[in-house]
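Colleague: I am new to this structure and would like a close look at a single part of it. Please take the sheet, and then show me what lies around it.

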Amino acid sequence: MSRASTIPLKDALKVFEAKEYERRIDEKKKKGEDAGDVPPVKAAEEKHVKLWPALPKLQGNQYPFDTMRFIERMDMSLSGIPQVERLSLSSNIIEKIQNLNNLRCLRILSLSRNMIKSLAGIEAVADTLEQLFISNNYIDKLRNLTQCKKLQVLYINWNYVRDINEVQKLEECTSLVELGMIGNPIEVKHSEDGSWRDLIGKTLTKLKRLDNKTLLHEE
């Protein structure tokens, strides 16, 4: 397979602005309302920003892979969206979490389906982050999350966490109530012998939901 085409993050922000503007116009028209008063979208003022792969026009029912453009780096352009509360960078080819320092309002971050090997860099939003979706990556260590005291929801399915000592570090995330770890080696191993839910219930005493199901703790 040929190497994926990339798009600089600053250009991806421009694509977001254009597509979101079109979406808002279409929404007005569907409601039978005048779309002439829809203001231009400025990413710098948006609270919810989606930076998914830049897609061409559909060919049949599919987007041809060789014409899709993926974000490769979380670069300094992120400093240009300081108001964002919910940021999605899922389904790209990002390898490192970086340049989040200026996102002081960020509560929800989606980085699923990338090429991320480490949670280093997440500390930059530790004071505000409430939900992190980072499934389908290459992560095996969780220690960088210990500073995230407001983190309530963590979905880290289909990664490479193997050691219960790593999971135990999540007990320091004192607000964590919902966790998804399906497909990690540790989950696969303990689900096979039927001990997974009991193990996590004893390890993370404040957790209420595990892998999309209510978690019952032993009295």
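Modeller: Happily; I will start with the whole chain, go on to the sheet, and then visit some elements and residues one by one.

The model is predicted, so local features need pLDDT of at least 70 and side-chain atom pairs count only at pLDDT 80 or more, while totals for chains, interfaces and linings use all residues. Residues are numbered from 1 along each chain as its sequence is written, and side-chain values use heavy atoms, leaving out hydrogens and water.

The protein chain holds 4 helices and 10 strands; these are DSSP runs numbered from the N terminus, with at least four residues of H or I for a helix and at least two of E for a strand. Along the sequence they follow the pattern β-α-β-β-β-β-β-β-α-β-α-α-β-β. The C-alpha trace spans about 60 × 40 × 35 Å along its principal axes. Of the 219 residues, 42% are buried, where buried means under 20% relative accessible area, exposed means over 50%, and partly exposed lies in between (1.4 Å probe, protein chains only).

Now to the sheet. It is open and made of 8 strands in the order β2-β4-β5-β6-β7-β8-β9-β10, with mixed pairing. The edges are held by β2 (48-50) and β10 (213-214), each of which has a single partner strand, so one side of each is left without a neighbour in the sheet. Two strands count as paired if DSSP finds at least two bridges between them. In general, strands of a sheet pair through backbone hydrogen bonds, either parallel or antiparallel. Here β8 (residues 178-180) and β9 (residues 209-210) pair in the parallel sense over 2 bridges, and leucine 179 has leucine 210 in β9 as its bridge partner.

The edge strand β2 also has company from a helix: the buried residues of α1 pack against β2, with contact meaning heavy atoms within 4.5 Å. Those buried residues are Leu9, Ala12, Leu13, Phe16, Glu20 and Ile25. Helix α1 covers residues 9-30, 22 residues in total, and reaches 31 Å from its first C-alpha to its last, close to the 32 Å expected at 1.5 Å a residue; that expected span is 1.5 Å times one less than the number of residues. Just after α1, glycine 32 takes a positive phi of about 75°.

Elsewhere, methionine 115 sits in the loop between β5 (108-110) and β6 (131-133). Because its relative accessibility is 34%, methionine 115 counts as partly exposed.

On the way into β8, glutamate 171 lies in the loop that follows α2 (164-168). Its relative accessibility is 24%, so glutamate 171 counts as partly exposed. Leaving aside residues up to four places away in sequence, glutamate 171 touches Thr203, Leu204, Thr205 and Lys206. From asparagine 136, glutamate 171 is 35 residues apart in sequence and 23 Å apart in space, C-alpha to C-alpha.

Finally, leucine 199 belongs to helix α4 (residues 196-203). With a relative accessible area of 23%, leucine 199 is partly exposed. Leucine 199 touches Ile164 and His190, again not counting residues up to four places away in sequence. Between leucine 199 and histidine 217 there are 10.0 Å in space, C-alpha to C-alpha, and the two are 18 residues apart in sequence.
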